[in-house]
Amino acid sequence: MVQKYESPVRIYKYPFELVMAAYEKRFPTCPQMPIVLDCEVTQDSVSDNGAKRETQRRCKLAVDAPYLFKKIIGIDVAFFIQTNFLDMKARTLNIEATNETFSSRIEIFEKCRYYAHPENPDWTCFDQTATLDIKNFFGFEHSMEKMGMKQYSQTTQKGKEIIEFFITELKKEGITHVDKWKDDEPTVPSVTVSVSTERPPLTRDNSILDADYIAKFIGQLSPLQESKLVQFRKRIEESNGDDVPDYQTLLRFLRARDFSIDKSTSMLQESLQWRKEHRIDDILGEYKIPAVVDKYFPGGWHHHDKDGRPLYILRLGNMDVKGLLKCVGEDELLKLTLHICEEGLKLMKEATKLFEKPIWNWCLLVDLDGLSIRHLWRPGVKALLRIIETVEKNYPETMGRVLIVRAPRVFPVLWTIVSTFIDENTRSKFLFFGGPDCLHIEDGLEQYISTERIPKFLGGSCNTLIHEGGLVPKHLYKSESVDEGSGQVPSGDHHGLYKSIDLKPGQMFELIIKNTDPKSVLTWDFDVLKNDLLFAVYHTDKQLEQSYNDTFSSIFDGDDFKEGESYSKLEDKVKCKPKEGVQGSHEMANTGSYILQWMCPPSCDGPAQLMYFHEVLSSANYKGSMTSLQSGFSSKSLQSR
């Protein structure tokens, strides 16, 4: 098994000559690396009038392994051969190290470089790679691989600290400057021979990936993650040349695929092709928001959350989804969303500079006050699912937190439909607040947004520039072509979750849902395709079978059922007319069986046709009060608008 590790480029903000003087002081031992017991110089030669020097050392290292493991392999120390090639004229030092101990079973090869910064001659760059090839090691190959990774991590993390320490020691000795090498003054020892013209990895804005860059623009990464990031960039460079995204973008795609370079490459290449085909790089400069969207779309950017993330607020409950789709179409709403996402990328970079810390995702606050059945209009849901799919593919890991506030009773239905299309990692970032007061409850909004930044419409004191939204006047509609549904669910709609049933006059269908999770939420969505239907919901503590034979009578018609004692009708029957879509939800406060009942009235002149879907949402999915999520059954609340 062969493992390869790479570190990003590190920067020392000192001249190469001073760094070399500090480097020499670390031998034969140094306090920061107690694992190095001794380093003996076995060969040392100078050439080219003193400009070049080749030094070989035999280094003795303590075996950093459990006591029992050391007893099994029979050693407490290991030896490595380190060869340095220093070139003071070229201002480079190349270091190669390989293991002497167990070299027939394990091959360890490490390569490091110090060189003058290509754009700032007063700074010094450092990079490091290592390969570990375990051929056979007494059956402990996996353990050796872990130990190798641990050793590499230690040297990577300690390298800069060691140089900084000895530069401080030099300053104590009064040495703050070392002259550059000159042909007529070959006074400074040290130099490498293997000179490389390879430049350190650069971002689009030519920022070098060093420790300071990582801390300021990327954030904390493990050595393995840093190595994966560097390898990923090289992979994209090989196929795309200079057309390589910045490191923040590369890291987002890596995170989206659990740092698998192959999977991340495939995902990123598809996204880059998509961006090229749709001219996404030009969208901020070219896209013009349609006047109707500018006036009636209730969303906009609003300061930052407490973590410094750009905050976007969407008052979805005030949004006329149907009206906007009728005016501009699905493609235009998708383009609006992409424009918002590109704005988010830009604002994240600005926030990173403003707060001087890595900010590579944004916060979304969705106000659902006013959400109703009209928001569950099928073409609108279809457009939402398309938008979610596009954003998930091309803007991974940009969503830091989603705050859902003032969720009303119909929200569980919408969440049931859309949540299956949202990446699991993204879903984990959703926080729900069901009650009308999202500020003063425990773990409320003030935990995530500064009090002075909470909008007035949520009970805060901050004004916003976000439009109120509202119904779009019908005279602005440009198209009637948006599919409102013919009573049939489109092919593949919601992955075929809907089921259909025909009911003769007087016949009924009862769906039994057994509940073992108090406070969970039962949701339903059904279409009446033909003739009238009566709909009701019941609850009983009695054990019920999942099926029954006589569909012209209810399970509650038996002698052992008595309303108010053995079962309860949660609401009276609601009459639903043909071509109506009905959505609702009910908090299942108790265990037992809940029954959804549909009946074709005996007075109908023909059979009724029903297409339905239901789901139970875990009580753990919601924060805040669940009261407002409970459906109140009435013809007004159930019928489509």
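This is a short chat about reading salt bridges, cysteines, burial and a sheet in a predicted model.

Q: Let's start with charges. How many salt bridges does the structure hold?

A: The general idea goes like this: side chains of opposite charge can pair when their charged atoms come close. Here, the structure holds 32 salt bridges.

Q: Which residue forms a salt bridge with E17?

A: That's R91, and the closest N and O atoms of the two are 2.9 Å apart. Have a look at where they sit: E17 is in helix α1 (residues 16-24), while R91 is in the loop between β5 (77-87) and β6 (92-99), so the pair ties together parts that are 74 residues apart in sequence.

Q: Are E17 and R91 buried or exposed?

A: Both E17 and R91 are buried.

Q: Where else should I look? What does the side chain of E330 meet in a salt bridge?

A: Try K382: its side chain and that of E330 form a salt bridge, at 3.4 Å from N to O. This pair links distant parts of the chain, with E330 in helix α11 (residues 330-355) and K382 in helix α12 (residues 378-394), 52 residues apart. As for the surface, E330 has a relative accessible area of 22%, so it counts as partly exposed.

Q: And D331, which residue does its side chain meet in a salt bridge?

A: R386, with 2.6 Å from N to O. D331 belongs to helix α11 and R386 to helix α12, so this pair ties together parts that are 55 residues apart in sequence. D331 counts as exposed because its relative accessibility is 52%, and the cut-off for exposed is over 50%. R386 is partly exposed, with a relative accessible area of 30%.

Q: Which residues do salt bridges that share partners join into one network?

A: Pick out R315, D367, D369, R406 and E468: salt bridges with shared partners join them into one network.

Q: Now the cysteines. How many disulfides does a search of the whole structure find?

A: In general, a disulfide is a covalent bond between the sulfur atoms of two cysteines. In this model, the search comes back with 0 disulfides. You can still check how covered a cysteine is: C112 is buried at 8% relative accessibility, and C125 is buried at 0%.

Q: Where is the place of V9?

A: Look in the loop between β1 (2-6) and β2 (10-12). Why does V9 count as buried? Because its relative accessibility is 3%, and buried means under 20%. Now find E226: its C-alpha atom and that of V9 are separated by 10.0 Å, although the two residues are 217 residues apart along the chain.

Q: On to sheets. What order does the open sheet of 5 strands have?

A: As a rule, strands of a sheet pair through backbone hydrogen bonds, either parallel or antiparallel. This open sheet runs β9-β10-β11-β12-β13, with mixed pairing. Its edge strands are β9 (299-304) and β13 (430-433), and each of those pairs on one side only. From one strand to the next, the twist averages 20°.

Q: In which sense do strand β11 and strand β12 pair?

A: Parallel: β11 (residues 362-367) and β12 (residues 399-405) pair that way over 6 bridges. To trace one partner, start at L365 and go across to L403 in β12.

Q: What does α11 touch on the sheet?

A: Helix α11 packs on the sheet and touches β9, β10 (310-314) and β11. Its direction makes about 10° with that of β9.

Conventions. Residues are numbered from 1 along each chain as its sequence is written. This is a predicted model: local features need pLDDT of at least 70, side-chain atom pairs count only at pLDDT 80 or more; totals for chains, interfaces and linings use all residues. Side-chain values use heavy atoms; hydrogens and water are left out. A salt bridge is a side-chain nitrogen of Lys or Arg within 4 Å of a carboxyl oxygen of Asp or Glu. Helices (H or I, at least four residues) and strands (E, at least two) are DSSP runs, numbered from the N terminus. Buried means under 20% relative accessible area, exposed over 50%, partly exposed in between (1.4 Å probe, protein chains only). A disulfide is a pair of cysteine sulfur atoms within 2.5 Å. Two strands pair if DSSP finds at least two bridges between them. Axes are lines fitted to C-alpha atoms, for helices over the stretch in contact, and angles run from 0 to 180 degrees between N-to-C directions. Contact means heavy atoms within 4.5 Å.
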